[in-house]
Each structure stands twice: as C-alpha cells, then as structure tokens.
Amino acid sequence: MALQQIVEQTVTGLGYDLVEIERTAGGLLRITIDLPWQAPEEGAPELPEGAALDQFVTVEDCEKVTRQLQFALEVDGVDYARLEVSSPGIDRLLRHEQDFTRFEGAVVDLTLKQPIGAAGGEKINANRKKFRGTLERTEEGGWQIVWSDEPPVKPGVRVSKKREPAPLQAMGFTLDELREARLAPIVNFKGRAAKPE
C-alpha cells in the first residue's frame with residue numbers, strides 16, 4: 001500500500017482528519033492531524049465566537065495516532081527514521097474546499113503558482129505572488145481575498161484621523177491557481193476583548 005493510503009486509513013480510522021504528510025531528507029516522517037469538522041446545518045443556531053477554537057488536538061490525541069501509525073507502518077514495511085505527529089498549529093495549511101469553507105472570514109496568506117501579471121492592473125506589482133487578507137466567498141460561489149496595502153501601525157505611534165485609509169482590494173482565485181494557502185499566524189497577547197454591544 002502507498003504511504004498516503006496507510007496514513008489516511010489509520011488517521012481517519014481513529015476519528016481524525018489528515019491535514020498533511022511530509023517527508024524530510026533526514027528520514028523524518030511528519031504527520032499533521034486535526035479534529036473532524038462539518039459545516040453547520042442551515043437554520044442551526046450559531047456557536048458563540050471562539051467556541052470552535054476551544055476544540056483542538058491534544059498531546060494525548062497525537063500519542064494515540066503515533067502508536068497506531070508505528071504499528072501500521074511497521075506491518076507495511078515503510079522506511080522512516082523518526083515519526084512526528086502534531087496538530088496543524090496557528091499557521092494551518094488550507095488544501096481542500098472544506099478547509100476554505102471552514103475558515104471563511106479568517107486572515108490568510110496565499111501564494112500563487114504564477115505572478116498576478118497584467119490582471120493586477122496598475123495598483124498591484126505584476127510580479128507579486130504573495131497576498132495576506134481576509135478570505136471571502138464571492139457572489140458566484142468562488143473564493144476571493146480582500147486586503148489593504150496600508151502599512152501596519154507601529155506601537156506608540158498615533159495615526160491622524162484625517163489620514164485617508166488605503167483602499168480595499170479584492171482578488172478572485174481558484175484552488176488550482178494556488179501554490180499554498182495558510183491561516184495567517186496572528187497572535188493577540190491581549191486576550192479576548194469584550195465584544196461591543
């Protein structure tokens with residue numbers, strides 16, 4: 001059996017989703033797992049913000065998958081020096097349509113296979129491949145990223161209220177055009193702020 005098939009059967013058999021399989025030159029086999037996710041049903045009450053973030057892969061989950069994978073890989077004679085099973089982390093890779101649906105509205109980092117070229121017009125460098133912005137669904141049902149090229153505000157610097165904000169830009173894309181898409185690793189050390197009424 002192929003490595004992908006062995007790992008996928010083992011991981012899904014234990015009730016997890018396989019996010020990524022990575023082999024490195026030193027014989028490391030890195031497996032990334034996540035808890036299964038299903039799109040909320042129409043008419044179902046929305047979960048409070050942050051409720052989905054309370055469910056994450058634990059060390060015990062990784063240990064359970066590691067033990068089962070070691071057995072399965074040994075039985076099939078897969079050659080590796082070290083096995084590492086982990087959660088996707090804050091810069092989770094987005095690969096499938098379901099991943100994009102799950103993280104709609106999140107800030108993502110996209111890398112295109114080809115530079116944007118003439119499609120960017122005069123406002124975007126024709127050689128640009130990397131974008132960071134909010135992932136949104138288009139009216140046609142496709143995907144787009146919305147961003148502003150305004151420089152980030154430095155701590156302690158006051159921003160004039162008279163200054164015009166940089167305009168928002170949007171770019172539609174298909175999954176075939178992407179080299180890589182990840183959640184942007186944004187960490188807020190201030191904790192969860194109370195939502196304005």
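Two exercises on a predicted model follow, one on a helix pair and one on a pocket. Local features need pLDDT of at least 70, and side-chain atom pairs count only at pLDDT 80 or more, while totals for chains, interfaces and linings use all residues. Residues are numbered from 1 along each chain as its sequence is written, and side-chain values use heavy atoms, without hydrogens or water.

**Exercise 1.** Describe how H1 and H2 pack.

Step 1. Take the helices, DSSP runs of H or I with at least four residues. H2 covers residues 59-75.

Step 2. Read the geometry. The angle is about 140° and the axes lie 10 Å apart. Axes are lines fitted to C-alpha atoms over the stretch in contact, and angles run from 0 to 180 degrees between N-to-C directions.

Step 3. Classify. H1 is therefore oblique to H2 (not under 35, over 145 or 65 to 115 degrees).

Step 4. List contacts, meaning heavy atoms within 4.5 Å. Leu3, Ile6, Val7, Thr10 and Val11 of H1 meet Val65, Gln68, Leu69, Ala72 and Leu73 of H2.

**Exercise 2.** Which element gives the largest share of the lining of the second largest pocket?

Step 1. Define the lining: residues with an atom within 4 Å of a pocket point. A pocket is an open set of points on a 1 Å grid where a 1.4 Å probe fits, with protein on both sides within 12 Å along at least five of seven lines.

Step 2. Name the contributors. H1 (3-13), strand E1 (17-23; strands are E runs of at least two residues) and H3 (97-102) each give two or more residues.

Step 3. Pick the leader. E1 gives the largest share, 5 residues.
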